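Good morning, everyone, and thank you for making the time. I would like to walk you slowly through one structure, so please have it open in front of you.

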Amino acid sequence: MSNITVCARFRPLSSKEKANYGNSVCIRGVDSETFIFKDEKDEDFKFSFDRVFYENSEQVDVYEFLALPIIRDAVNAINGTIITYGQTGAGKTYSMEGLGILESDERKKGLLQRAVNGLFDCIKSSEESVKYTIKFSMVEIYMEKVRDLLDLSKDNIQIKESRVQGILLSGVSEIPISDPADAMQTLSSGIANRAVGETQMNMASSRSHCIYIFTAQQELNKEKRVKAGKLVLVDLAGSEKVEKTGAEGKVLEEAKTINKSLSALGNVINALTCSPGKASHIPYRDSKLTRILQDALGGNSRTALLCCCSPSSSNASESFSTLRFGTRAKHIKASPRANCREENSARDNEASYATKDESSERILHQLRERLDVEDVKLLEELFIAEGIFFDPNSVEDLELAYEDVTFRTISSLKQAVEELTNSVEELSTENKVLKNRLAAQRIDVLRKEPEENGNSSFLHKILDLCKLASRVWPFSVVQTLTSKL
């Protein structure tokens, strides 16, 4: 097992930061792996990562250290994932795409363009006896829906899991790409469909998480085997503080969804890095983002995380949060392995997923043999709503589906119980306040009643009772009661 690679990158100060806050920065470099960070309270913190890219770093430096080793592994059938993370406007999309996907300036090209060239360069230098095929998919997670950016009619892609291939996107477009130029045109058309919006911190703020998937498949004819590696690049939408972005209306709702999914990602990281025995469940299913990244986070993938930050003191709080996230992620253990399978079994596996309708029918048939009709109908609705898919020919996968539905039901019940408990506590508090008010009103009535009726016989009776009670209760209690009268 190996730890994921974590790097930090600080962009140059923006013109707006310079105009409003001058040249004040919150970092002081020590070396290529360590720096001192000054938080909002002027306290110093020392951070160390696999590599630190400061303001004057080049795009090629990030690529060669962070991405190139993963790309070489992907060509050799070992899955790899590269994630950019940070607040909005911190330079994530620039690191991923450069100034534009069709950027001609070699120095400014991002990870995407370089990754495409790297894939084809690695294939050219491989053995001639091996036949390679590269396919490309591109999706975004917008408002908790997975949308196919290469076919906009597919606006609610479902996530499923295969024993052989891991996490899959059901029905997503897979476009064969023959050379880098072909890939760039496909990328350009997909990026043009991505959801973006303007905020006070970013003129073209990403309103979705964007995921680029390259599948490099090699056929070993002599050995009759198929090997395939996935290269996944993830450009996360930035975390946002509403008071800084000025988000309103639709943009505000987008920000809430983005922050919620990033919070779910943080919860998964925390669960994965907890002490042994403390976390028995990893909440991958809490969001579409964490579900898709399940293999990348501690699974069958070699993973790298690029934490993008602003060096400005005005963004110290957000940068500090990003760096702490990266520090936590450094402790995640991954188990990447080569993905190899027999050619016949590969074909059989593909055939078992021939169409969505056939798979669903096989699933429902097995469920009907075990459950009542109403139960089957309920599970069918749950599977469709939650995007739960599995190998219908595997009893083990069927049992996992049962467990998954059970866990979701228990989680929902727990949440409902917590909400009910909170409501009961609130009602109990309100009840106490109401009782105190009623008691005070009764005392006032008792005081006024004798005065209005011209007698105090009722009060005398109470006082007599108090005197009788003094034989049993402490004097201080009786004194308190009589003083109220």
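Let me begin with R291, which counts as buried because its relative accessibility is 7%, and the cut-off for that word is under 20%. Please keep in mind, here and throughout, that we are looking at a predicted model. R291 is found in helix α8, which covers residues 288-292. If we set aside residues up to four places away in sequence, R291 touches I159, E161, I167, Y284 and R285.

From there, let us turn to strand β8, residues 131-142, which is mostly covered, since nine of its 12 residues are buried. Which strands does β8 pair with? With strand β15, residues 209-220, β8 pairs in the antiparallel sense over 11 bridges, and if you would like one position to look at, S137 has I213 of β15 as its bridge partner. Strand β12, residues 175-176, is joined to β8 by two bridges, again running antiparallel, and here K135 stands opposite P176. Then there is strand β9, residues 145-148, which runs antiparallel to β8 and is joined to it by four bridges, with Y142 standing opposite K145. β8 and β9 form a hairpin with two residues between them, and in that turn M143 has a positive phi of about 55°.

My last topic is the aromatic rings, where a search of the whole structure finds 11 pairs. Take F47 and F320, whose ring centres are 6.0 Å apart and whose planes are at 75°, so this pair is edge-to-face. The two residues come from distant parts of the chain, with F47 in strand β5, residues 44-48, and F320 in helix α9, residues 316-329, which places them 273 residues apart. F47 counts as buried because its relative accessibility is 7%, and F320 counts as buried at 16%.

Now set beside that the rings of Y85 and F325, whose centres are 3.9 Å apart and whose planes are at 10°, so this pair is stacked. This pair, too, links distant parts of the chain, because Y85 is in strand β7, residues 80-85, while F325 is in helix α9, 240 residues away. Both Y85 and F325 are buried.

Finally, which residues do ring pairs link into a cluster? They are F10, F35, F37, F45, F47, F49 and F320, so you will recognise F47 and F320 from the edge-to-face pair we have just discussed.

Terms used. Residues are numbered from 1 along each chain as its sequence is written. This is a predicted model: local features need pLDDT of at least 70, side-chain atom pairs count only at pLDDT 80 or more; totals for chains, interfaces and linings use all residues. Side-chain values use heavy atoms; hydrogens and water are left out. Buried means under 20% relative accessible area, exposed over 50%, partly exposed in between (1.4 Å probe, protein chains only). Contact means heavy atoms within 4.5 Å. Two strands pair if DSSP finds at least two bridges between them. Rings of Phe, Tyr and Trp (its six-membered ring) pair if their centres lie within 6.5 Å; planes under 30 degrees apart count as stacked, over 60 as edge-to-face and the rest as tilted.
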